[in-house]
Amino acid sequence: MKKGMAVILAAVTALSLTACGGSGSAGNTQNDTQSQSSESGTGASSSGNTDMVVAMGADIDTLHPSDYSTTAELTVLNQLYDTMMYMNPDGEHDPEPRLAESYEVSEDGKTYTFHLREDATFHDGTPVTAKDAVFSLNLYKDSQYQNSQVTGLASAEAVDDHTVVCHLDNPYSPFLLGACSVHIASEAYYEKSADDFVNKPVGSGPYKFTGRSKGSSVTLEAYDGYYRGEAAIKKVTFEVIPDQSTMAIAIQTGEVDFAEIDSASLPQLKADKNVTIAEIPTSSFSYVCMNLDKAPFDDVRVRQALNYAINRENLVQICYDGEATVNSNLCSANRFGYSEEQPKYEYDPEKAKSLLAEAGITTPYQLGEMLVAEKYSNLATVIQNDLKAVGLETTISVKEFNSYIGDLTSGSYTISALNMTLEGDTQMMEMAFASDYIGTANNARYSDAEMDALFDKTRVSNDKEERAELFNQIFTKAQEEAIYVPLANPLTLFAYNSSLKCPEIPYEAVYYIYDFAW
């Protein structure tokens, strides 16, 4: 099952990553964590406005609850469907019951029992049952795109109408986190019409589907039978606006109430008193990737030299308009397992030159091509200039995105620069480091038995302190061996009408319109 966690990363990276000059959006196929207030909608404003328009940068291709592959699709689905568990936005990121009222975990960590609430219904009025939960878990298990959400699940059974038992092959500590992402769908509705199941979804969440105009919009309406109370925002329209300039103007004119924006639009929107900006940390990271199968990157001193050669502060200003956090660690500071004690790389070109000399590199030295997708060309240019300053020459080769991803994952490159999102439990980071993921997300093609063994231990441990120490060992080792050249964690930026009451959007920038009100 481990390999399945990464099979779709290359296919969806284009939609979850961002170019230099824009802010990063939360990724879409990697354990998109949920967070939602337990309170019901707070009601419309005195003006009587109960509608909301949300801008999307790209259209959706599907509304299948488990076979989605983009952030836009996930955002819409999160309004239509509920999950058994949800991610508490209190900063601890601990899963808590949602459609499940309670749960138990067996002593051996291999059996999870969920007790579903009895007052939840689908949008057609039929009750949400344990059979529907089992059906949904199996949808995810069989999904080409989202099977990582139920990693380790061997089988699920409905003991009675409201009790679900999940059997795992082995203990897997992030299993509850994955349960936060499993949309609970109606088995009966699927059996009635598999086509309608995808194109006219009947969900279990606070909003019901009312229509879609392909390439233009998706409309939702508050479900008056929702067990937590009817939402304050009664109608939601997701409008497709690919052009960032057009989107920014629409926010200012009031045609759009809420949108994820590019950092280039920030000065214009910050100057408007009627617009509020939210800057949300995520685990997304920009980085330089070196092919460790090729010289000179098979020498740790060369890799360390590159880490010292990059002026990250300057890069963040040029490429992200300052809307990113400098970080030389692939693990973001907000993520479980990060420690300030883990080695860091500061900008030190003289140290870089010294390490290159130790490695026998005579400068100027030709590194060859830096392969990038067009959206990363500016990022590559900044990196190219920093490397040249320490005597490393490289030419930039730009490819169409899908072709680029093919070369990256097959190892047909020497050095590259890009952004990536591996969100969810820190276990997901093994996709960047473990041998099993060479050819998918382990783009450095790094293989080390000790690193693999450490990730095997974090996977089965249910002891939080033990896992923290294991991750500390993992990221200390990754830093010491300079497996990658991490650069920064881009922020996700939202702009919205200042009259809109928005809760604090939590880490990873997953939001729920049920919590909004005028």
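Visitor: Which residues in helix 12 do N314, L315, I318, C319 and Y320 in helix 10 meet?
Guide: Those residues of helix 10 meet N378, L379, V382 and I383 in helix 12, where contact means heavy atoms within 4.5 Å. This is a predicted model, in which local features need pLDDT of at least 70, side-chain atom pairs count only at pLDDT 80 or more, and totals for chains, interfaces and linings use all residues. Residues are numbered from 1 along each chain as its sequence is written, and side-chain values use heavy atoms, leaving out hydrogens and water.

Visitor: Why are helix 10 and helix 12 called roughly antiparallel?
Guide: Helix 10 (residues 312–320) and helix 12 (residues 377–389) pack at about 150 degrees, with axes 10 Å apart. Angles over 145 degrees count as roughly antiparallel, and the two helices therefore earn the term.

Visitor: What makes residues 130–142 a helix 3 of the expected span?
Guide: A helix here is a DSSP run of H or I with at least four residues. Helix 3 has 13 residues, which at 1.5 Å a residue should span 18 Å; the end C-alpha atoms are 18 Å apart, which agrees. Its buried residues (under 20% relative accessible area) include F135, L137 and Y140. The buried residues of helix 3 pack against elements including strand 5 (111–116) and strand 7 (163–168).

Visitor: Why do strand 4 and strand 5 count as paired?
Guide: Pairing needs at least two DSSP bridges between strands (E runs of at least two residues). Strand 4 (residues 100–105) and strand 5, which run antiparallel, are joined by five bridges, and therefore meet that rule. Y103 has F114 in strand 5 as its bridge partner. Strand 5 also pairs with strand 7 in the antiparallel sense, over five bridges, with T111 opposite H167.

Terms used
Expected span 1.5 Å × (residues − 1). Buried < 20%, exposed > 50% of the residue type's maximum accessible area, 1.4 Å probe, protein only. Axes fitted to C-alpha atoms, helices over the stretch in contact; angles between N-to-C directions. Parallel < 35°, antiparallel > 145°, perpendicular 65-115°, else oblique.
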